[in-house]
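Grab a pencil and work through these exercises with the model open beside you. Each task comes with a worked solution.

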Amino acid sequence: EVVALASSRSVGTEVSYGDKTLKVTNLDTYDFSDTDICLMSAGGAVSQKYSPKIGREGCVVIDNSSAWRYDADVPLIVPEVNADAIAQFSKKNIIANPNCSTAQLVVALKPLHDHAKIKRIVVSTYQSVSGAGKDGIDELFNQTRAVFVADPIES
């Protein structure tokens, strides 16, 4: 069974899941004691607040934010690279994953590293403004327009 969870202001709204439509349930009051896995993708602040509580209820949290990436008691997992490290999840019942650019990069680098140890790598990424949501897209549009009409650029 898949359950959609969100803050109280989203309770009752509907989200698509495959051929189904799920009604959103309140994260604050949800009982995780009978839940196996929580896929957390609600941002770092939400994950910091809820993941430890969810983990204590016996549910394993797989977190997609940056909240747990540097926590020594939370394994940072890319299954194709270090699946064996998942055994460490039981300290907090939380599993972290790296950001999207890192995950795909380490999958490509792992065979190279196994063949000839990589000592250092420098990476630059240029990620889409859409990651900041509608406000980011609107800001980019307004700044681009300002460039073309010689108006001051506002952040």
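**Exercise 1.** Which residues of the largest nonpolar core touch the most other members?

*Solution.* A quick note on ground rules: this is a predicted model, where local features need pLDDT of at least 70, side-chain atom pairs count only at pLDDT 80 or more, and totals for chains, interfaces and linings use all residues. Residues are numbered from 1 along each chain as its sequence is written, and side-chain values use heavy atoms, leaving out hydrogens and water.

Step 1: look for buried (under 20% relative accessible area, 1.4 Å probe, protein chains only) Ala, Val, Leu, Ile, Met, Phe, Trp, Tyr and Cys residues joined through side-chain atoms within 4.5 Å.
Step 2: of the 13 members, Phe32, Cys38, Met40, Ile54, Val61 and Trp68 touch the most others.
Step 3: β5, α1 and β7 (94–96) each supply at least two core residues; helices (H or I, at least four residues) and strands (E, at least two) are DSSP runs, numbered from the N terminus.

**Exercise 2.** Work out which face of β5 is covered.

*Solution.* In β5 (residues 37–40), Cys38 and Met40 make up the covered face, while Ile37 and Leu39 are on the uncovered one.

**Exercise 3.** Put the strands of the open sheet in order.

*Solution.* Step 1: the order is β5-β6-β7, with parallel pairing (at least two DSSP bridges between two strands).
Step 2: β5 and β7 are the edge strands, each pairing on one side only.
Step 3: count bridges: four join β5 to β6 (residues 60–63), and three link β6 and β7.
Step 4: find partners: Ile37 goes with Val60 in β6, and Val61 with Ile94 in β7.

Note on methods:
Buried < 20%, exposed > 50% of the residue type's maximum accessible area, 1.4 Å probe, protein only.
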